[in-house]
Amino acid sequence: MAKSGKDARVTVILECINCVRKSINKESTSISRYITQKNRHNTPSRLELLKFCPCCFKHTVHGEVKK
C-alpha cells in the first residue's frame with residue numbers, strides 16, 4: 001500500500017504552560033518541551049498532557065504549540 005500525501009499521524013511539540021505564562025522561572029533559562037505524535041483524525045483539537053517540567057520541578061500541563 002502506498003502512503004497518502006496527507007497522513008493521519010503528525011508530529012507535535014508540547015510546551016509547559018506554566019513556564020510560558022511566568023515568562024521563564026528566574027532559576028532556569030529554558031522552557032520544557034516534549035515531542036510526540038498524535039492522530040489527526042482521532043484528536044483534531046489541541047493536545048494537552050500532564051508531563052514533568054524540569055524547570056518547575058513538578059508535573060504540569062503541557063500544551064500543543066503551533067509550528
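**Exercise 1. Determine how much surface the chain exposes and which share carbon and sulfur atoms supply.**

Solution. The chain exposes about 5,300 Å². Carbon and sulfur atoms supply 54% of that area. The model examined here is a predicted one. As for burial, 25% of the 67 residues of the chain count as buried.

**Exercise 2. Describe the secondary structure of the chain and the order of its elements along the sequence.**

Solution. Step one is the inventory: one helix and four strands. Step two is the order, which reads β-α-β-β-β along the sequence. Step three concerns contacts with a separation of 6 or more: residues 24 or more positions apart account for 50% of them.

**Exercise 3. Establish which strands pair with β1, in which sense, and over how many bridges.**

Solution. Take strand β2, residues 33-39, to begin with: β1 and β2 pair in the antiparallel sense over seven bridges. Within this pairing, T11 has Q37 of β2 as its bridge partner. Turn next to β4, which spans residues 58-65. β1 and β4 also pair in the antiparallel sense, over four bridges. Here I13 stands opposite V65 of β4.

**Exercise 4. Locate E15, decide whether it is buried or exposed, and identify a polar contact of its side chain.**

Solution. E15 belongs to strand β1, which covers residues 9-16. The relative accessibility of E15 is 12%. Buried means under 20%, so E15 counts as buried. The side chain of E15 is joined to that of R33 by a polar contact of 2.5 Å.

**Exercise 5. Examine the backbone of F57 and the setting of this residue.**

Solution. The phi of F57 is positive, about 60°, although F57 is not a glycine. For comparison, most residues other than glycine have a negative phi. The position of F57 is in the loop between β3 (48-53) and β4 (58-65). The relative accessible area of F57 is 62%. Exposed means over 50%, and F57 is therefore exposed.

**Exercise 6. Find what lies over the face of Y34, and state how many aromatic pairs the structure holds.**

Solution. K51 lies over the face of Y34, at 4.8 Å from the ring centre. A charge counts as sitting over a ring if NZ of Lys is within 6 Å of the ring centre and within 35 degrees of the ring normal. For pairs of rings the relevant cut-off is 6.5 Å between centres. The structure holds zero aromatic pairs.

Methods: Residues are numbered from 1 along each chain as its sequence is written. This is a predicted model: local features need pLDDT of at least 70, side-chain atom pairs count only at pLDDT 80 or more; totals for chains, interfaces and linings use all residues. Side-chain values use heavy atoms; hydrogens and water are left out. Rings of Phe, Tyr and Trp (its six-membered ring) pair if their centres lie within 6.5 Å; planes under 30 degrees apart count as stacked, over 60 as edge-to-face and the rest as tilted. Helices (H or I, at least four residues) and strands (E, at least two) are DSSP runs, numbered from the N terminus. Buried means under 20% relative accessible area, exposed over 50%, partly exposed in between (1.4 Å probe, protein chains only). Contact means heavy atoms within 4.5 Å. Accessible areas come from the Shrake-Rupley method with a 1.4 Å probe; for residues, only the protein chains shown count as cover. A polar contact is a pair of N or O atoms within 3.5 Å; within protein, one must be able to donate a hydrogen and the other to accept it, and residues adjacent in sequence count only if both atoms are side-chain atoms. Two strands pair if DSSP finds at least two bridges between them.
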